[in-house]
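Please look over the sequence and the model shown here before reading the notes on side-chain pairing and interior packing.

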Amino acid sequence: MKMLLTAVLAGAMVMTPALAAEKVTVDNQQVVPLTVNINSADVGQLTQLKGIGESKAIAIIEYRNTNGKFASIDELSNVKGIGTKLLEQNRANLSL
């Protein structure tokens, strides 16, 4: 009986780290929404995009407020701090 209990506990100890590591991996992944409308998104929605923090999100909104709605996705590159590389990383998740 003592050997059986030891075997069960040893098996549980072996499985627990694998399960914990799997859970951490899932929790650490960035969840990107299917699409973000750059003409209506707020700071919270914009910051879900890759490489867009609060300051860049605010810059996008300020550009939109000053210049009107974006006419194209490419116009986003006119916003300070948004370059071609960042735009291409997010293009599939952007809409007008």
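The report below takes up the salt bridges, then the nonpolar core, then the cavity.

This is a predicted model, in which local features need pLDDT of at least 70 and side-chain atom pairs count only at pLDDT 80 or more, while totals for chains, interfaces and linings use all residues. Residues are numbered from 1 along each chain as its sequence is written, and side-chain values use heavy atoms, with hydrogens and water left out.

**Salt bridges**

The structure holds two salt bridges, a salt bridge being a side-chain nitrogen of Lys or Arg within 4 Å of a carboxyl oxygen of Asp or Glu. They are listed here with their distances.

| Pair | Distance, N to O |
|---|---|
| Asp74 and Arg91 | 2.6 Å |
| Glu88 and Arg91 | 2.8 Å |

Asp74, Glu88 and Arg91 are thus linked in a network of salt bridges. Aspartate 74 lies in the loop between helix H3 (54-67) and helix H4 (84-90), and arginine 91 lies in the loop between H4 and strand E2 (94-95), so their pair ties together parts that are 17 residues apart in sequence. Helices (H or I, at least four residues) and strands (E, at least two) are DSSP runs, numbered from the N terminus. Aspartate 74, at 42% relative accessibility, counts as partly exposed, as does arginine 91 at 30% and glutamate 88 at 44%; the term covers the range between buried (under 20% relative accessible area) and exposed (over 50%), with a 1.4 Å probe and protein chains only.

**Nonpolar core**

In soluble globular proteins, nonpolar side chains tend to be buried together. The largest nonpolar core (buried Ala, Val, Leu, Ile, Met, Phe, Trp, Tyr and Cys residues joined through side-chain atoms within 4.5 Å) has 18 residues, of which Leu46, Ile52, Ile60 and Leu76 touch the most other members. H3 and H4 each supply at least two residues of this core, and H3 gives the most, with four residues. Leaving aside residues up to four places away in sequence, isoleucine 60 touches Leu46, Ile52, Phe70, Leu76, Val79 and Ile82, where contact means heavy atoms within 4.5 Å.

**Cavity**

What lines the largest cavity? Its lining is formed by Ile38, Leu46, Leu49, Ile52, Ile60, Leu76, Ile82, Leu86, Leu87, Asn90 and Leu94, a cavity being a set of points on a 1 Å grid over the protein atoms alone where a 1.4 Å probe fits but cannot get out, and lining residues having an atom within 4 Å of a point. H4 contributes the largest share of this lining, three residues.

Technical notes. 1 Å grid on protein atoms, 1.4 Å probe; cavity = no way out; pocket = protein on both sides within 12 Å on 5 of 7 lines; lining within 4 Å.
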